[in-house]
Each structure stands twice: as C-alpha cells, then as structure tokens.
Amino acid sequence: MTDTHAQRRERLAALLSAHEADAILVTRDVNVRYLTGLASSNAAVLVTADAVATLATDARYAETARRVCSDIEVLEERDVVGSLVSLADRVAVEAHHMPVADYFRLGEDLLRLTGLVESVRRVKDEEEIDLIRTACALTDLAFADVLPRLRAGVTEKEVARALETRMIELGAEKPAFDSIVAAGPNGSIPHHSPSDRPLERGDLVTMDFGALYGGYHADMTRTVAIGEPADWQRELYELVSAAQRAGRHAVRPGAITHEVDAAARDLIAEAGYGERFGHGLGHGVGLEIHEVPFLAPLKPEADGEHARLEDRVPVTVEPGVYLPGRGGVRIEDTLVTRDDGPELLTRTTKELLVL
C-alpha cells in the first residue's frame, strides 16, 4: 500500500500551508500507521509541506520499517522525536498526543496542532473500506454461529467468550474491543462488562461486539429475547428499531452530524424516553473503534465545527433506550456514506429474534 500511504501524506501536506508550518511531526501510533503502514509502539514520522517523509523508529522495528516503508527514509533511533524535529524549521506537533515533557524538551517554538491527521483519516479510501467490510462480515458470521448457543443458563461471560473466539477462528486478528453482553436488568447499562449472571427466560440480551481485521474495526450491536418477550419489551424494541432505521436513512454526504443524531433521537424523545438515551447516535470507525466524525447532539468535531458528512465516511448508528432495573435495547450497524445511499456493512437481521 505504499502508493496509498504516499497519497495520504500528500493530503496531509496540502493542509500545512494554512498553518504556516514547514512540516508536521506525527507521533501518535495510529497516525504513524495510517501515513506509513508501520504498526509500532515507538515510531514517529516527519512529513514536510512538499510531502517528503522521514520515519524514525528503534531497533525493534527498524527492519520491519525498511521493508514496509520502502519508499521513505528510515532512521534507527531510540529518541524518535528528537531525531526528527531538527529536520525542518517551522515544525508542527500533535498537541493532543505529545507529552508536555517532550514539548518543552524539544523547544517551545513548535507549532501546536490538534486533530490534523484525524481530519484526513475521516474519509476512507476504498482499500480501507474493504478491510472494514471484511471485519464486519466476520462479525456477522460469528454472531450467526454463536446464536444457537444463546439459551437460559449460559452466562454473559460465556456468550462474550464464544463471540470473541469465533471471530478469531473465522480470521479476525482479535476482537475490535471488549465485547459487551448485558442480560436482563444489566441491559440498562450501556457499557456493561459481562458477568457470571446466567441468561434467563424473559431476558432481553444486548450484545455489542466486533472483529478487527487488517487493523480496521467493526462494530455491531444486536438485542435478542430469551423466551417470549413481554409487551413492553416488544414495544421498546420496535421504538429503538424505528429510531435506528431513521438514523441510517439520514446518513448521507452533506448531512450535518447533529441532524443525523436528531433523526433518531427525536423519535425516542417523542415516545417519552428521551432521558433514557444518554449517548450519541454513533461515531466514525477505522483504525480506531471511535474516531471522527461523532454523530451526537452538539458534539464538537476535531476542527471545532459541526461537520458535514462526506462520501466514504464509515460511521455507526446505535440508538438505545435503557430502563434501570428492567433492561434495555440497543441496535447498531456500521455503514458507509455513499452518494447513492448508505452502504450497510453489518448485515445481520435487525428483527427481534426470540430464542
């Protein structure tokens, strides 16, 4: 992907003139990987306004760097930031990542920028979308394979472990994040950690999980019923399903992020559950499980403004309603904005499954 990485560096370099910078020193691991292809715990890359890049890493990664990043100069240095900062005059740094100690050590005349690489990352190239699509397909397959094991007596931990094991067996590098399995009353906790509580008849069970593939993340949530659901459970599910559908339909190039959030949130509020939907509607996904843009009410973006969605931006849509002491429902898909309508990447049915 060296040509792809070079194109990404060119997009970044084009933004530097607006900040009167000769170069940017990128130190955040995920951003270094995005710009060079190197996955490392100690690396930095300097990208000049002419899109010339120099990568520094230590002896543990130097050979891999020279193989993976054959189109750029590689310096073998333990002090990766110190070895790069002197290669240009007006150097910008990632202020949201660089430690204060490094900033003062390297010189207080460095320009402080926040979220510049992340703003480039938000629009994905087709190679990235292919990787996310594969991660989502593995997630779908794992859910289908584990579904027959969901029954009364199986614990939340056992369900989470089964999902994660199956994703890896199918080809995932690992789970994209710590899986959430929340049964019965635990479903009122959006980020519940799986416990030893067994599933019981009458439970709604919310499962939030995803596969990591090629460094890219999938994110999907499904809620199922163990045994015939009560009327209030069906009604709650149908409400969240309608809100999720409205949110998905609002995802399109040109849409403003908080308006996409409102498309789903307003339905929930009108039904009297507005205070029980306390998180944003969704978020970007890619090399990180949570990245810009954020679909939320009045949530600032990396550039300080409410951004409009563009073509080829993967996002999640995940409304939920959480009733303390009773349970909850969340339904989530990963999809990509397209000019001709959103592309749904997680394709498992969103109908209420009664097991």
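**Notebook: Asp-339 and other sites**

Asp-339 is exposed, with a relative accessible area of 66%. I note at once that the model is predicted.

**Entry: Asp-339**

I looked up where this residue lies. Asp-339 belongs to the loop that runs between β18 (333–336) and β19 (343–344). I then listed its contacts, setting aside residues up to four places away in sequence: Asp-339 touches Pro-253 and Asp-311. I also took one C-alpha to C-alpha distance, to Glu-318. Asp-339 and Glu-318 are 21 residues apart in sequence, and 22 Å separates them in space.

**Entry: Leu-298**

Is Leu-298 buried or exposed? I find a relative accessibility of 63%, so Leu-298 counts as exposed, the cut-off being over 50%. Its place is the loop between β14 (291–295) and β15 (314–317). For a distance I chose His-283, which is 15 residues from Leu-298 in sequence and 13 Å from it in space, C-alpha to C-alpha.

**Entry: the peptide bond before Pro-293**

I stayed with β14, the strand in which Pro-293 lies. The peptide bond that joins Val-292 and Pro-293 is cis, with omega at about 5°. I record this bond because most peptide bonds are trans.

**Entry: positive phi outside glycine**

I next looked up two backbone angles, because most residues other than glycine have a negative phi. Glu-20 has a phi near 55°, a positive value, and is not a glycine. Glu-20 is found in the loop between α1 and β1, and with 58% relative accessibility it counts as exposed. Ala-51 also has a positive phi, of about 70°. Ala-51 sits in the loop between β2 (43–48) and β3. Its relative accessible area is 25%, and Ala-51 is therefore partly exposed.

**Entry: Thr-54**

From Ala-51 I moved on to β3. Thr-54 has its place in this strand, which covers residues 53–57. Thr-54 is buried, at a relative accessible area of 10%. Which residues is Thr-54 in contact with, its neighbours within four places in sequence left aside? I list Ala-44, Val-45, Leu-46, Glu-73, Leu-75, Leu-84 and Leu-87.

**Entry: Thr-27**

I looked up a second threonine, Thr-27, which is found in the loop between β1 (23–26) and α2 (29–36). At 7% relative accessibility Thr-27 falls under the 20% cut-off, so it counts as buried. I asked what its side chain makes a polar contact with. The partner is the side chain of His-97, at 2.9 Å. Residues up to four places away in sequence not counted, Thr-27 touches Val-32, Ala-43, Ala-44, Val-81, Glu-94, His-97 and Met-98. Ala-44 is thus a name I have entered for Thr-27 and for Thr-54.

**Entry: helix α1**

I checked the length of helix α1, which has 15 residues (residues 2–16). The expected span is 21 Å, because 1.5 Å is multiplied by one less than the number of residues. The end C-alpha atoms are 21 Å apart, which agrees. I then asked which residues of α1 are buried. They are Thr-4, His-5, Arg-8, Arg-9, Leu-12, Ala-13 and Leu-16.

**Entry: aromatic pairs**

How many aromatic pairs does a search of the whole structure find? It finds two. One of them is formed by Tyr-103 and Phe-104. I enter this pair as edge-to-face, with 5.4 Å centre to centre and 75° between the planes; the angle is over 60 degrees, so the class follows. Tyr-103 is buried, its relative accessible area being 11%, whereas Phe-104 is partly exposed at 48% relative accessibility.

**Entry: charges over rings**

I looked up two arginines in turn. The charged end of Arg-265 sits over the ring of Phe-277, at 4.0 Å from the ring centre. The charged end of Arg-326 sits over the ring of Trp-232, at 4.1 Å from the ring centre.

**Entry: cysteines**

How many disulfides does the count come to? It comes to zero, the rule being a pair of cysteine sulfur atoms within 2.5 Å. I looked up the accessibility of two cysteines as well. Cys-69 counts as buried at 1% relative accessibility, and Cys-136 counts as buried at 0%.

Methods
Residues are numbered from 1 along each chain as its sequence is written. This is a predicted model: local features need pLDDT of at least 70, side-chain atom pairs count only at pLDDT 80 or more; totals for chains, interfaces and linings use all residues. Side-chain values use heavy atoms; hydrogens and water are left out. Rings of Phe, Tyr and Trp (its six-membered ring) pair if their centres lie within 6.5 Å; planes under 30 degrees apart count as stacked, over 60 as edge-to-face and the rest as tilted. Buried means under 20% relative accessible area, exposed over 50%, partly exposed in between (1.4 Å probe, protein chains only). A charge sits over a ring if NZ of Lys or CZ of Arg is within 6 Å of the ring centre and within 35 degrees of the ring normal. Helices (H or I, at least four residues) and strands (E, at least two) are DSSP runs, numbered from the N terminus. A polar contact is a pair of N or O atoms within 3.5 Å; within protein, one must be able to donate a hydrogen and the other to accept it, and residues adjacent in sequence count only if both atoms are side-chain atoms. Contact means heavy atoms within 4.5 Å.
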